Amino acid sequence: MSRTSLDNLPAADRSDVASALRDALLQAEFTADGLLELLGAPAYAALARSETVPALRATRGEGPLEALVRLFLLQQPVPRERLADVLPLPACVESGWLRESGPEGEAGPEGAAGSELAATVDVRPYGGPDGEDWFIVSDLGCAVGGAGGIGSGDEGVVLGVGGASTTLAGITVRTPVASALDLGTGSGIQALHATRHATRVTATDLNARALHITALTLALSGVPAAELAEGSLYAPVGEATYDLIVSNPPFVISPGARLTYRDGGMGGDDLCRTLVQQAGDRLNEGGYAQFLANWQHVDGEEWQERLRSWVPRGCDAWVVQREVQDITQYAELWLRDAGDHRTDPAAYAARYDAWLDEFEERGVRAVGFGWITLRRSEAAAEAPSVVVEEWPHPVEQPLGETVRAHFARVDWLREHDDAALLEASFTLAGEVVQEQVGLPGAEDPEHVVLRQGRGMRRATKVDTVGAGFAGVCDGTLSAGRILDAIAQLMGEEPVVLRDRTPAQIRTLVEQGFLEPVPGGPAA
């Protein structure tokens, strides 16, 4: 079946059927918690890897939940009589959620005794951040997205929830806003999250099939409908501006667009660059734009400078590179994603060769993956804060509040020169520990490391003064008074310590180790 049209999809304008189907699924405990209890952790985790055998073994029973798992998650035909008391069958068949299927997958007599029914889409339970029971709709066999070896050659295939989807959902700032834009919505997961805190949600996609499936996802999840607009990049929304823009775009850098969900059709990393550069004009003051992206590491160019050049005027930015792959690893990853490793070896080799040719022509030696967050700010027009860093280590999701706090600290540091900083007071962030590194038995450590236990889980080296300063920050004394006390203990001139320490304090504030206390005591 070609997945470039709306054929074989449930009707998106039947909210009554979606509501009845939702009630039936919840009644049967077809939820994230219900699946975990039925399948067990190993089989549940295997589903996320597109491995179905453990789940098939766990659903050999005759209960309603077993039937629904086989029907919607495992795409197995299920006897009509097993579903008769579980789902609103006539409405589901008439509106296209289910279709008649014979024992061998061929159409059987409609409504015939002993006939089987099959799902037309994958419906996967998804737990919301506050315990909501949501459902993500996607094309059959495509529930797990992104480099999972989906193996579909259909151009307009719509994937479900993958690691990239949940990463973006986790880092998104969730403050209440009037308007949110999900650009390149896919199956609608980002729009679904946005309905919790945005009055108006707009979802766009170049793929009309994705917009249709997004409507199904929102309806089946019992949340308000979004405004849907078809088109590329920002074209569908014209000059409209938003308080929040999110996008998990088709960022794969490939020789020719083959799959709509991953290949943007522009050369190199131009799609991600364009998406970021044009976001500034679409943001309201104080608004955030948050993207996942790939970027090229090009010979003779620092990748950090490449990313800085993308940041639009009037925006602060925080870019985090989470992973880097050399060009061979990168090509192999996405060739497997398209299932090319299962095709003719000569065709696979030719496609692999084409990827390497394109990279070599551009001087690309590696590809980076990470997060890009922009924040529109009047102050950024004159003194933008652009932080571009590499942090491949484990973090604690969700990070939305960590992202918001980063930009709040940027504002604070921009408003406080060194004199004002010394008059301020600070507290040590929660779950920060100190590690001393040195040879066993040595009197003094070679260096001291502060390490966060939450959020980004950063680690940073500090000197003896920095460690001592951070250790006594409880909000009761100003930074200047603390440094004066440290100077006295160390036998140093207080003015010298006051001159050389603010830069280190700024770093600790910027990275979230120290938190400014509003209205703290004066020096």
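Reader: In which helix is the place of aspartate 33?
Author: This is a predicted model. Aspartate 33 falls within a helix that spans residues 32-39. That helix is H2.

Reader: Is aspartate 33 buried or exposed?
Author: The relative accessible area of aspartate 33 is 62%. The cut-off for exposed is over 50%. Aspartate 33 is therefore classed as exposed.

Reader: Which residues form the negative surface patch with Asp33?
Author: Asp33 is one of the residues of a negative surface patch. Its partners there are Glu29, Glu37 and Asp133.

Reader: How many of the 10 residues of helix H5 are buried?
Author: Helix H5 covers residues 64-73. Among its buried residues are Leu65, Glu66, Arg70 and Phe72. The helix is largely enclosed by the rest of the structure, because its buried count is 9 of the 10.

Reader: Which residue follows H5 with a positive phi?
Author: The phi in question is near 55 degrees. It belongs to glutamine 75.

Reader: How far apart are the closest N and O atoms of glutamate 358 and arginine 362?
Author: Both residues lie in helix H14, residues 345-362. They are 4 residues apart, about one turn of the helix. Arginine 362 is partly exposed at 30% relative accessibility. The two form a salt bridge, with the closest N and O atoms separated by 2.8 Å.

Reader: Which residue forms a salt bridge with glutamate 401?
Author: The closest N and O atoms of this pair are 2.6 Å apart. Both residues sit in helix H15, residues 400-415, with a spacing of 3 residues, about one turn. The partner is partly exposed, with a relative accessible area of 27%. It is arginine 404.

Reader: How many residues apart are arginine 506 and aspartate 418?
Author: Arginine 506 and aspartate 418 form a salt bridge, their closest N and O atoms being 3.1 Å apart. The pair links distant parts of the chain: arginine 506 is in helix H20 and aspartate 418 in helix H16. Their separation is 88 residues.

Reader: Which residues do salt bridges with shared partners join into one network?
Author: Shared partners connect these salt bridges. The network consists of Asp316, Arg375, Asp411 and Arg414.

Reader: How many salt bridges does the count come to?
Author: A pair counts when a side-chain nitrogen of Lys or Arg is within 4 Å of a carboxyl oxygen of Asp or Glu. By this rule the total is 27.

Reader: How many disulfides does a search of the whole structure find?
Author: The cut-off is a pair of cysteine sulfur atoms within 2.5 Å. The search of the whole structure returns 0.

Reader: Which cysteine has the nearest sulfur to cysteine 315?
Author: Cysteine 315 is buried, with 1% relative accessible area. It takes part in no disulfide. The nearest cysteine sulfur is 17 Å away and belongs to cysteine 272.

Reader: Is the peptide bond from glutamine 397 to proline 398 cis or trans?
Author: Proline 398 is in the loop between strand S13 and H15. The omega of the bond is near 0 degrees. The bond is cis.

Reader: What is the phi of leucine 233?
Author: Leucine 233 is in the loop between strand S8 and strand S9. The residue is buried, at 16% relative accessible area. Its phi is positive, in a residue other than glycine, and near 50 degrees.

Reader: What is the phi of glutamate 431?
Author: Glutamate 431 lies in the loop between strand S14 and strand S15. With a relative accessible area of 48%, glutamate 431 is partly exposed. Its positive phi is near 60 degrees.

Conventions:
Residues are numbered from 1 along each chain as its sequence is written. This is a predicted model: local features need pLDDT of at least 70, side-chain atom pairs count only at pLDDT 80 or more; totals for chains, interfaces and linings use all residues. Side-chain values use heavy atoms; hydrogens and water are left out. Patches are made of residues with over 30% relative accessible area and no salt bridge: like charges are joined within 9 Å, nonpolar side chains (Val, Leu, Ile, Met, Phe, Trp, Tyr) within 5 Å. Accessible areas come from the Shrake-Rupley method with a 1.4 Å probe; for residues, only the protein chains shown count as cover. Lys and Arg count as positive and Asp and Glu as negative; His and the chain ends are not counted. The place of a charge is taken as NZ of Lys, CZ of Arg, CG of Asp or CD of Glu. Helices (H or I, at least four residues) and strands (E, at least two) are DSSP runs, numbered from the N terminus. Buried means under 20% relative accessible area, exposed over 50%, partly exposed in between (1.4 Å probe, protein chains only).
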